[in-house]
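Student: I would like to request a close look at one part of this structure, followed by an account of how that part fits with the rest.

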Amino acid sequence: MTLNVSSNDQSSTRPAVSAAVATEGVTSLAASPAVRQDAAGHSLRILLILSALMAFASISTDLYLPALPTMAIALHADAGTVELTISGYLIGFSLGQLLWGPVSDRHGRRLPIAIGLVLFIAGSAGCAVSTSAPMLVGWRALQAVGACASVVLARAMVRDLYTGHRAAQMMSTLMTVMAIAPLLGPSVGGLILHVASWRAIFWTLVGVGLATLAALYVLPETLPLERRNRQPLRRAVAGYAELLRHRRVLGYAGAGGFFYGGIYAYIAGTPSAYITYHHVSPQFYGVLFGAGIVGIMVTNQINSRLVMQLGGDRLMRAGTVGAAIAGILLALDAWTGWGGLTGLVIPLFLFVSATGFIVANSIAGALSSFPERAGSMSALIGAIQYGTGITGSALVGIFADGTPSPMGCVIALMSIGSLLCALLLVPVAAVTPDEVRSCRPKWM
């Protein structure tokens with residue numbers, strides 16, 4: 001598979017990365033041809049393993065959400081203190097990615113993932129035996145640092161194995177599969193809690209980590225020795241500032257980052273907006289939340305079909321336009337009370353569903369900008385996304401007034417920021433016939 005520079009419109013937006021990348025028809029700075037051929041022949045197996053790795057972000061939190069009240073009682077802590085286990089996890093997950101990216105560019109993908117899984121297993125076991133809320137928060141931070149290695153390096157492996165719009169298509173398919181985790185996570189956690197204590201949930205995560213570690217041995221190393229970055233890690237970490245100096249990278253990072261800020265404002269604000277303000281039952285809230293996940297899965301599948309005809313940049317731009325319109329409608333409905341519950345549900349559903357067009361394409365576009373630093377780029381994009389996610393959820397809490405207005409305003413502002421980044425910083429690229437042919441996976 002080759003990297004066609006014209007398809008990504010990179011020559012006009014940043015200096016050439018290397019002669020290999022600048023030459024059309026030359027193999028990309030990624031996995032060897034033998035590894036790529038093996039991946040093509042075992043696409044379904046690769047898809048399932050990479051999906052499992054990317055799902056760690058969701059299962060680590062969604063599985064234990066139903067147990068939060070029980071945990072507060074068992075650890076003699078108030079609800080706010082136990083909820084710090086979520087904030088601590090997000091902070092560890094965001095900052096941990098900045099470490100794993102350069103490490104993987106220097107030492108390959110499999111070893112850092114394996115080390116991360118060991119840390120995840122240790123953190124999960126520590127959570128299971130915790131006897132106080134501060135102890136639980138500490139183990140959750142370690143769990144997050146380990147889990148983020150799987151997520152950030154799975155994205156880098158996609159870039160190693162696939163190029164151009166095929167990478168965006170694969171990323172979109174992966175996100176469709178991994179969306180099952182937040183859809184089923186709370187229900188599975190509730191079932192575990194019904195037959196055992198909250199500690200059994202974390203022991204289950206230990207088992208998931210061990211199973212994934214075993215599956216890692218059938219996943220090929222996608223970054224060969226001759227293509228690894230040999231610079232010292234301290235210089236690699238400092239290189240994040242260099243990456244952010246490129247306009248196109250800023251565009252992809254901003255489009256996806258601002259959108260994540262809106263998504264976490266949605267996660268933080270909907271329980272109060274639906275259950276407290278509109279008196280929706282917790283069960284029906286689960287239905288409404290699940291509908292948003294289904295919307296994400298549908299748009300991811302649509303994106304994976306259309307990306308070969310329209311290109312990832314166009315679809316990302318269209319997604320940010322839709323998200324901004326939905327965000328503005330949401331803010332107006334939340335501020336005026338127009339439409340009642342329906343006035344919130346419809347624009348929120350449309351906003352969340354735009355995930356399928358924005359996230360996969362922004363990640364794939366950023367990774368294609370610097371293929372020889374895919375690990376660092378994936379880490380940077382992930383850290384920005386989760387960092388803005390923390391900001392979005394925090395803003396909803398800071399300005400909370402008992403109404404849906406703070407959530408609506410934060411989502412509107414974040415979606416407008418995402419749109420401006422996509423429109424002003426990312427030029428739309430054309431799709432070549434070669435990419436159309438390459439985007440037809442044999443296993444579909």
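In which helix is A323 found? Please begin there and then work outwards.

Tutor: The model is a predicted one, and every value below is computed from it. A323 is found in helix α16. Is A323 buried or exposed? A323 counts as buried, because its relative accessibility is 2% and the term applies under 20%. A second residue can be set beside A323: its C-alpha atom and that of M414 are separated by 9.4 Å, although their positions lie 91 residues apart along the chain.

Helix α16, which covers residues 312-336, also has a part at the surface. V321, I325, I328, L329, L332, I416, L420, L423 and L424 form a nonpolar patch there, and together they have about 760 Å² of accessible area. Two elements give two or more residues to this nonpolar patch, namely α16 and α20 (405-425). Five residues of the patch come from α16, which is the largest share. One member of the patch may be examined on its own: L424 is found in helix α20. L424 counts as exposed because its relative accessibility is 55%, and the term applies over 50%. Helix α16 therefore holds A323, which is buried at 2% relative accessibility, and it also supplies five residues to the patch on the surface.

Helix α16 also takes part in a salt bridge. The structure holds one salt bridge, and it joins the side chains of R248 and D313 at 2.9 Å, N to O. This pair links distant parts of the chain, since R248 belongs to helix α14 (residues 247-277) and D313 to helix α16, 65 residues apart. Both R248 and D313 are buried.

From α14 one can proceed to the loop that joins it to α15 (282-310), where H279 is found. Phi of H279 is near 60 degrees, a positive value in a residue that is not glycine. Most residues other than glycine have a negative phi. H279 counts as exposed because its relative accessibility is 69%. A second histidine can be described in similar terms: H76 is found in the loop between α6 (68-74) and α7 (79-107). H76 is not a glycine, yet its phi is positive, at about 55 degrees. At 75% relative accessibility, H76 counts as exposed.

Helix α7 itself contains T85. T85 is buried, with a relative accessible area of 1%. The side chain of T85 makes a polar contact with the side chain of Y64, at 2.6 Å.

Another contact to consider involves helix α9 (residues 133-161), in which R140 lies. R140 is buried, and its relative accessible area is 0%. Its side chain reaches the backbone oxygen of S60 at 2.6 Å. The helix as a whole may be considered next. Of the 29 residues of α9, 21 are buried, so this helix is largely enclosed by the rest of the structure. Its length also agrees with expectation: at 1.5 Å a residue, the 29 residues should span 42 Å, and the end C-alpha atoms are 42 Å apart.

A further pair of residues brings in helix α4 (residues 43-54), where L50 is found. L50 is buried, with a relative accessible area of 0%. The C-alpha atoms of L50 and A154 are separated by 5.7 Å, while the two residues are 104 residues apart along the chain.

Finally, helix α12 (residues 199-215) shows how buried residues can be arranged around an axis. Helix α12 has 17 residues and reaches 25 Å from its first C-alpha to its last, close to the 24 Å expected at 1.5 Å a residue. Its buried residues include I201, F202, L205, V206, G209, T212 and L213. These residues cover an arc of only 155 degrees around the axis, which means that they are on the same side of α12.

To return to the starting point, A323 is found in α16, the helix that gives five residues to the nonpolar patch and that contains D313 of the salt bridge with R248.

Conventions: Residues are numbered from 1 along each chain as its sequence is written. This is a predicted model: local features need pLDDT of at least 70, side-chain atom pairs count only at pLDDT 80 or more; totals for chains, interfaces and linings use all residues. Side-chain values use heavy atoms; hydrogens and water are left out. Helices (H or I, at least four residues) and strands (E, at least two) are DSSP runs, numbered from the N terminus. The expected span of a helix is 1.5 Å times one less than its number of residues. Buried means under 20% relative accessible area, exposed over 50%, partly exposed in between (1.4 Å probe, protein chains only). The arc is that of the directions from the helix axis to the C-beta atoms. Patches are made of residues with over 30% relative accessible area and no salt bridge: like charges are joined within 9 Å, nonpolar side chains (Val, Leu, Ile, Met, Phe, Trp, Tyr) within 5 Å. Accessible areas come from the Shrake-Rupley method with a 1.4 Å probe; for residues, only the protein chains shown count as cover. A salt bridge is a side-chain nitrogen of Lys or Arg within 4 Å of a carboxyl oxygen of Asp or Glu. A polar contact is a pair of N or O atoms within 3.5 Å; within protein, one must be able to donate a hydrogen and the other to accept it, and residues adjacent in sequence count only if both atoms are side-chain atoms.
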